Amino acid sequence: MAPELRAMAHERIAELRDMVPANERRKAAASFADRVNQPDVVAIFATDEPAVAAPVVARATLSEAEWLGLLSTFPSTSRAILRNRRDLGPVVERALASFGPSDFALPDASTPTTAEESSSQIRNLVARIEAFRRQAASAPQVEEPALAIPETFVFEASIYGEIDWIYGVAREAVIGLSIADIAPPREQGVDGQAAGAYRRRAPFKDARLVVAGHGPASGDWLISATPVFNPRNGRFAGYHGNARRPRRDERAGGEQGPLSGTALPADSLRQLVHELRTPLNAIQGFAEMIDRQILGPAAAAYRTRAQFVVGESRRLLEVVDDLDAAARLDSARFDREEGTSNAGVVLQRIASEQRAALALRGVALHTKVEANIMVSIAEPLLDRMIRRLLASVLGLSRMGDSAQVELVAHGGGIILTISRPAVLHGRDERALLDPAYGPEGEWPDAPILGLGFTLRLIANLARETGAKLKLTDDAFSLLLPPVGALQVQHEEQV
């Protein structure tokens, strides 16, 4: 294109950009990000909102000179995205590092801002913090001497059950803990065995003690102790005891942490979920009122923004629902709805909803579904498992990928198989199930909470319904129970 026509095209794009919803601009950017190799096209997207800029800035192919010419025109959020790349070469990386002081400076709080400017500052600040964190993680680390992790200690407890003397670990970690009261599950303190023995003034062996914090003494212990009595008057004088780390086979609940990947107790997580759901519902409801003009006529621009808010609110509410399910599963309070459903119908419905979005990104979706496959899972729960699995795996597909989804009856069971996208090739099961796992390039359509969290949630939901999630070298599979399978299983258990 001639330079003057190209300049006119840029001006026209600038005029029309705000008329296109941000979500549509994001989808457009993701659909051809792998093919962008022209600096002026990169500049157009890099100056847009971070979610729109991310696919192009993260995948575009430019020369070192072209990147150097663009860096000063980028907003700090786009430079933060660029810092995550490892294919730019040392020259561009040094140039990015030179922007550090200005990129990581906090905005002047005394300067009045509009609501839109404030929102933009928040997004910029989040991106800067993330870029700073990644930069710090990749910087050379000075190794500090590792603190020895104690394996045993001895202690004495008073007549009131409080540990008042200790040898073998830091005093501040354990002094003051009581063996007289039962601690809530996974919170600091002892279990019922120690507390019951204290009330009877009896000895105990291998009771469980949890020490909070992150120091060398924190974590799980097994404690044993014998009561001490005054030889002159026979009065109870407390306990003498010792503690040791439990062996792998003695750890309560195995090695796996909470499904959510956080240290929050399940009840606290559920409370957080409740606090999040209420304002999100209010935001979504108000945006829908603007979009439908229930409060009166609204300009097209406001309605477009309201539609974007509604869509993002729905995505966040799905995240909140997943956190709630994780908390219920962790606390064994998940109520499974009984019922049956046609897995083929459910899969075809979900696949048809996702096929158009995948086509925009250049991803082909091929499905093979046998008719009338009935499973012993209620439809809402089956829909949730299949929808989350497809969205998580297909969200990581890139331009040119071909996704294969198959639902067949085989060997008395029902198998739903989804092929692995290229970005997940070679990843072992341990990495994929890590709650913090997120492969490079997973945004913009990958699960918000991370692939690892979503796979673990699906695996736990599957276990509750008699299904099973299986990870192979080239696919993800859900083994679903056919109608009648759970009844047979219950009868065998009885």
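**Exercise 1.** In this predicted model, find what covers the buried residues of helix α5, and work out why W67, L70 and L71 lie on the same side of α5.

*Solution.* Start with the surroundings: the cover over the buried residues of α5 includes α3 (39–46), α4 (50–59), α6 (76–83) and α7 (90–98). Next, pick out the buried positions themselves. Within α5, which runs over residues 64–71, these include W67, L70 and L71. Now look along the axis: the three span an arc of only 100°, and therefore sit on the same side of α5. A general rule helps here: an α-helix has 3.6 residues a turn, so residues three or four places apart point the same way.

**Exercise 2.** Which members of the largest nonpolar core touch the most other members, and which elements each supply at least two of its residues?

*Solution.* This core holds 45 residues, and L382, L389, L478 and L480 touch the most other members. At least two residues each come from α13 (300–330), α14 (343–360), α15 (379–394), β10 (402–410), β11 (413–419), α17 (451–465), β12 (468–471) and β13 (475–480). Now zoom in on L382: setting aside neighbours within four places in sequence, its contacts are S341, A343, V346, V375, I377 and L480. Finally, don't miss the second, separate core of 26 residues, with A33, I44, V52 and L96 among them.

**Exercise 3.** Is α17 largely enclosed or largely open? Check its span too.

*Solution.* Count first: 13 of the 15 residues of α17 are buried, so the helix is largely enclosed by the rest of the structure. Then check the span: from first C-alpha to last, α17 reaches 21 Å, close to the 21 Å expected at 1.5 Å a residue. Just after α17, G466 adopts a positive phi of about 85°.

Terms used: Residues numbered from 1 in each chain as written. Predicted model: local features only at pLDDT ≥ 70, side-chain atom pairs only at ≥ 80, totals over all residues. Heavy atoms only, no water. Buried < 20%, exposed > 50% of the residue type's maximum accessible area, 1.4 Å probe, protein only. Helix = DSSP H or I, 4+ residues; strand = E, 2+ residues; numbered from the N terminus. Arc of directions from axis to C-beta. Contact = heavy atoms within 4.5 Å. Core = buried A, V, L, I, M, F, W, Y, C linked by side-chain atoms within 4.5 Å. Expected span 1.5 Å × (residues − 1).
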